[in-house]
Amino acid sequence: MSTLRATARLQLHKEFTFDHAAAQVDYFAALGISHFYVSPILSAQPGSRHGYNIVDPSCINPELGGEPGLQRLVERLHARGMGLIVDIVPNHLGVGRHNPWWQDVLRWGASSRYARWFDIDWHSPDTILRGKVLLPFLGRSDEDVLQSGEIRLVFDAGLGQFFFDYGEQRFPLAPDNYADVLEQAGSSILSPALLASLDIVEGIGIEERQVLADSAFALLRELSANPAGLAAIETALSAFSPALLDGASALRDLLARQHYCLSHWINAGDEINWRRFFEVSELAGVRIEEEGAFEAMHAVLFRLVAAGWIDGVRIDHIDGLADPAAYCLKLRAELVARMPQPAGAKESHTELRAPYLIAEKILGPEEELRPGWQLDGTTGYEFMDQVSALLHDAAGEAELNAIWQETGGGMSCSTGVEDVRRRFLSSNFASEFNALVRALHAVALADGATADTSLMAIHRTLTELLVAFPLYRTYADVHGRDAVDQCVMDAAVKRAAARILPVDQPVLALLEQWLGGAAPSDIEDKHSADLRWRAMTRFQQLTPPLAAKSSEDTVFYRYGRLLSRNEVGSDPAQLALSVEAFHAQASQRQMRLPQTMLTTATHDHKRGEDARMRLAVLSQIPESWHAQWQCWRLLNAVHTRPFGDVDGISATDEMMLYQTLIGAWPIGLDASDHAGVAALCERVAQWQQKALREAKQQSSWMQPDLAYEAACQHFLEAILEVHPENVFLAGLSAFVEEIASAGALNSLSQTLLRLCSPGVPDLYQGTEWWDVSLVDPDNRRPVDFAARQRSLQERQGQVMTLRGWREGFCKQQLIAAALLYRQQMPSLFAQGEYLPLTVVGPMARHALGFIRRQGEAAALVVVSRFSAGLVLEGPMSADDVMPLIPPTQWGNSALLLPAALHGAGSWRSVLTQSGLPMAGGDRLPLSEVFATLPVNLLRFDLA
């Protein structure tokens, strides 16, 4: 395995396959990347653009090129000394006709060999669902769909099997119903002996029933090859046609005898009896703790690791698992056991090679990744939050608060989250919540001392506990909670206690014990211990989707104080981070997780990394932004008036739209460019519809308010209409141009900090140029790699310059220079200590610096910040005017260097190759450091 230095995240799909990725290997090698880090590679739903809806874990996705395509990619990577990290999805699978495991469960019900692999409640209190799977995939009520003939019983001659077809969906007929169907033909070709062979009774084991079914399917394939046989089958099917007098009734009765129950999709939140991924009914939770499920889900991964094709793994949505700690330990052990080792490694007792293993995990404030999981780190959301907050100015918070209050969006972020959680528990997650309530009631009933605890008391108290829960989840296991989780639960209990009735206080104390305060392993009665474990698991698998959906996917679209802080892994209520806090977190990261991933852009981000950095400038100029907002409101008031039956666009939606336009406006776009403005309008319109529906205020996905959405669309198109009298459009362009240079400086600082801070820097596809993308699908648009290759080749060997900065070439130069230096000094950045530097002088708050040191090797990283009002500016056409704080502005501000690096050598810029003079032996003048660039990376050369 090549040394891990930096990763390039690539999104694979049928239009960007393994071969497309292989074609970029040389480019990324020249950029300094050591590993490709790709989206899931197993067989997903046909046409999937992301790969997280895997339907067949037993094979490589044929749309990506299958195993031959993967082999070609790996060979190309290895030829350049590079490796491969893959994304895996242990928590869920896509359901539907393409998933053979899911289809088997629908065919055989609870007796299916895969029934325990999916997290299905086969003992629903609803008698209609007992022993069945709810399938909420109908567009209308089941009766309406039946009467309209949208559901049809069909025969697949190639498979020799019967199915119910509904649009693109296909649901298998239970094999023990086959004879009943064929009897309707009344044909002599269907002899009693043949019908008897198809009568697969339930009284025998599933293996024997499967053998009989396979034989029956073969008989039907043979029968259907005969025209008379096929005609008999079609006659049998016609008895279930709604076109006949009794057809709908017969079809209804046949459906009622299946191992599933079809339902309108709107009932999913209330009635579904299986764990989903969040609230997505197309993704079913997998019980990866089941041995058979674990082996089957990872069989391909283990084989590819053993073959030396895969060097690392990214675990998707680890918080969805029943026991993340146990899973991580087991996965690491299995991977190490299969990973090719150097000859004689085991015999010589040298340290075995281990895979790179990280997890997608949102860490809350003060939360740390559990060391006992033996992970190398996370996917880097916490770094994305920290570096972004560092480049927001806390001095602008009061004014930004006042602006937001003007819109009427006065709710605090935390209050908004709590309100949404409460609503979700009675709607989107009502079924999962009620299942947890019943599980806890079962715990109560199992103990005579608590048997009188009512279901409704548990319901009321649990609601407040979940609303008050501060993090994504706890990780209690059969041994109960650890000290960290106890602190989390104590905080939640304290907040919940202040909100519940005195009569429910004892119930809250019981919940605290049942949910991990008392260890299930200490309970002698196995049934009671199992009930306790089941309740704990349900609780810990409910809090993550509840937290994510209420914050990231709802409140982030409601709370618009400054949208650059509404990012995955961030708390919008926290505007800024001090230099001291950033240094402390970096030092901690170097000690605990030196190989954790560092990212500033992902396939899930709400806004591109450079859109966020441009919006961050507003925190530096809040008064100017306030005046601009008020001006634009007046200019566009005519468009906010009633439109159709709608009173007009709300002030909060208007505010968030303006911020989105500021962030997403491409640098250099002319307001008179019809095609360019139209393209921007189309992108923002997609964001706007998603934002309105995710906010769940004026509209929603379940009940879209098309009239209000049309009013917002009209407003957007009106304010972006290209004509000479559109003062707003010209003003928007001018305002973006005014702050774009300061935003670009923010971006370069963010980029260098990602490349040189403790951790492994990740580069999301295409972000080596300016990234002003919006939420998906905008952040997954095709990347023009050919143009990026040409740009890199044209500037290879040249020193970094800001000339042509609007195209983003300087960002690419910075990435290449820093990554190639990391390639020359791998251990310095992998193991080197992190030394924060003090900045002195009148401009101290505008710079941050640190040193990475290992032995006699040292690198100094320094970035500027808060450049609005200081940066040189000029017209868009002036290529010689570059975004830079004039060196004279820095005055006598300087970096204080450690005594060990006084006079022992000299500092030379990796970016410009120029040497820097020392001032008084222990000071590095910022006027020299930032003479031609707003950031710098310096290497230490011994005298």
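**Stop 1: two crossing helices**

Select residues 651-664, helix α25, together with residues 674-695, helix α26; in this predicted model their axes come within 11 Å and cross at roughly 140°. Because of that angle, α25 is oblique to α26. The crossing of α25 and α26 is right-handed.

Next, display the side chains at the contact. On α25, select Asp653, Met656, Leu657, Thr660, Leu661 and Ala664; on α26, select Leu680, Arg683, Val684, Trp687, Gln688 and Leu692. Which classes of residue make up the contact of α25 with α26? Eight are nonpolar, two are polar and two are charged.

**Stop 2: a residue on α26**

Remain on helix α26 and select alanine 679, which belongs to this helix. Is alanine 679 buried or exposed? The answer lies in between: alanine 679 is partly exposed, and its relative accessible area is 39%. Now add histidine 714 to the selection, 35 residues away from alanine 679 along the chain. A line drawn between the C-alpha atoms of alanine 679 and histidine 714 spans 16 Å.

**Stop 3: glutamine 103**

Move to residues 100-108, helix α4, and select glutamine 103 within them. Glutamine 103 is buried, because its relative accessible area of 7% falls under the limit of 20%. Which residues does glutamine 103 touch, if those up to four places away in sequence are not counted? Select Gly96, Arg97, Phe163, Arg170 and Pro172 to display these neighbours.

**Stop 4: the sheet of three strands**

Strands of a sheet pair through backbone hydrogen bonds, either parallel or antiparallel. Select strands β8, β9 and β10, which form an open sheet in that order, with antiparallel pairing. The edge strands are β8, residues 151-156, and β10, residues 169-172; each of them pairs on one side only. From one strand to the next, the twist averages 35°.

Then concentrate on β8 and on β9, residues 161-166. How many bridges join β8 and β9? These two strands are paired in the antiparallel sense over six bridges. To see one bridge, select aspartate 156 and its partner in β9, glutamine 161.

Two helices can now be added to the view. Residues 227-238 form helix α9, which packs on the sheet and touches β8 and β9; the direction of α9 makes about 165° with that of β8. Residues 247-256 form helix α10, which lies across β8 and β9 and runs at about 70° to β8.

**Stop 5: the sheet of six strands**

Select β19, β21, β22, β27, β24 and β25, listed here in their order across an open sheet with antiparallel pairing. Which strands stand at the edges? They are β19, residues 833-836, and β25, residues 915-916; each has a single partner strand, so one side of each is left without a neighbour in the sheet.

Begin at the β19 edge. Strand β21, residues 847-854, pairs with β19 in the antiparallel sense over four bridges. Select glutamate 833 and, opposite to it in β21, arginine 853.

Finally, add the helices that lie across this sheet. Helix α22, residues 579-592, lies across β19 and β21 and runs at about 170° to β19. Helix α30, residues 809-824, lies across β22, residues 857-864, and β27, residues 935-942; its direction is at about 30° to β27.

Note on methods
Residues are numbered from 1 along each chain as its sequence is written. This is a predicted model: local features need pLDDT of at least 70, side-chain atom pairs count only at pLDDT 80 or more; totals for chains, interfaces and linings use all residues. Side-chain values use heavy atoms; hydrogens and water are left out. Axes are lines fitted to C-alpha atoms, for helices over the stretch in contact, and angles run from 0 to 180 degrees between N-to-C directions. Angles under 35 degrees count as roughly parallel, over 145 as roughly antiparallel, 65 to 115 as roughly perpendicular and the rest as oblique. A crossing is left-handed if the near helix is turned anticlockwise from the far one by less than a right angle, and right-handed if clockwise. Contact means heavy atoms within 4.5 Å. Ala, Val, Leu, Ile, Met, Phe, Trp, Tyr, Cys and Pro count as nonpolar, Asp, Glu, Lys and Arg as charged, and the others, Gly among them, as polar. Buried means under 20% relative accessible area, exposed over 50%, partly exposed in between (1.4 Å probe, protein chains only). Two strands pair if DSSP finds at least two bridges between them.
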